[in-house]
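Please open the structure in a viewer and keep the sequence panel visible. The tour below proceeds by selection, from individual side chains to the chain as a whole.

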Amino acid sequence: NELKTDIDSRLAKINQLMSTYIDNSELSILNQSTDTICHKLSNETLYVIKNALEISTATKGKFDVAILK
């Protein structure tokens, strides 16, 4: 039961960081930004973005990291 609690907690944190459905998640704030200022992001979000960009490059853009609403 402790493992389930730990997993649920981790998933909730990831969702709060990277959900496109939560207006104040890091990813939503970054996506909604219209300025060119730097935004502080967690290591988790940076890791996902970095890897997504590497996959996009490796697939010559077939994997598109852009999120359209």
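Select Lys-13 first. In this predicted model, Lys-13 has a relative accessibility of 40% and therefore counts as partly exposed. Display its side chain together with that of Glu-44: the two form a salt bridge, with the closest N and O atoms 3.1 Å apart. Because Lys-13 lies in helix α1 and Glu-44 in helix α3, this pair ties together parts that are 31 residues apart in sequence.

Keep Glu-44 displayed and add Arg-10. The side chains of Arg-10 and Glu-44 also meet in a salt bridge, at 3.3 Å from N to O. This pair likewise links distant parts of the chain, with Arg-10 in helix α1 and Glu-44 in helix α3, 34 residues apart. Arg-10 counts as partly exposed, since its relative accessibility is 38%. With the three residues on screen, one sees a network of salt bridges that links Arg-10, Lys-13 and Glu-44.

Remain on helix α1, which covers residues 2-18, and select Ile-7. Is Ile-7 buried or partly exposed? Its relative accessible area is 41%, so Ile-7 is partly exposed. Now extend the selection to Leu-3, Leu-11 and Ile-14, and switch on the surface: together with Ile-7, these residues make a nonpolar surface patch of about 370 Å².

Move next to helix α3 and select Lys-50 and Glu-54. Both residues lie in this helix, four residues apart, which is about one turn. Their side chains meet in a salt bridge of 3.0 Å, N to O. Glu-54, at 42% relative accessibility, counts as partly exposed, and Lys-50, at 49%, is also classed as partly exposed. The count of salt bridges comes to four; those shown on this tour include Lys-50 with Glu-54.

From Glu-54, draw a distance to Leu-41. The two residues are 13 apart in sequence, and their C-alpha atoms are 18 Å apart in space. Leu-41 belongs to the loop between α2 (26-32) and α3 (43-58). Why does Leu-41 count as buried? The cut-off for a buried residue is under 20% relative accessible area, and Leu-41 is at 19%, so it counts as buried. To see its surroundings, select Glu-26, Leu-30, Leu-46 and Ile-49, with which Leu-41 is in contact when neighbours within four places in sequence are left aside.

Finally, hide the side chains and view the whole chain as a cartoon. How many helices and how many strands are there? The chain has three helices and zero strands, and its elements run α-α-α from the N terminus on. The radius of gyration is 14 Å, well over the 11 Å that the globule rule gives for 69 residues, so the chain is more spread out than a compact globule. Along the principal axes, the C-alpha atoms fill a box of roughly 45 × 30 × 20 Å. Of the 69 residues, 20% count as buried.

With the surface shown again, the accessible area of the chain comes to about 5,800 Å², and carbon and sulfur atoms account for 60% of it.

As a last step, colour the model by pLDDT. The chain averages 91, and 96% of the residues score at least 70. Among the elements, α1 has the highest mean pLDDT, 96, and α2 the lowest, 91.

Terms used. Residues are numbered from 1 along each chain as its sequence is written. This is a predicted model: local features need pLDDT of at least 70, side-chain atom pairs count only at pLDDT 80 or more; totals for chains, interfaces and linings use all residues. Side-chain values use heavy atoms; hydrogens and water are left out. Helices (H or I, at least four residues) and strands (E, at least two) are DSSP runs, numbered from the N terminus. Buried means under 20% relative accessible area, exposed over 50%, partly exposed in between (1.4 Å probe, protein chains only). Contact means heavy atoms within 4.5 Å. Patches are made of residues with over 30% relative accessible area and no salt bridge: like charges are joined within 9 Å, nonpolar side chains (Val, Leu, Ile, Met, Phe, Trp, Tyr) within 5 Å. Accessible areas come from the Shrake-Rupley method with a 1.4 Å probe; for residues, only the protein chains shown count as cover. pLDDT is the predictor's confidence in each residue, from 0 to 100. The radius of gyration is taken over C-alpha atoms; the globule rule is 2.2 Å times the number of residues to the power 0.38.
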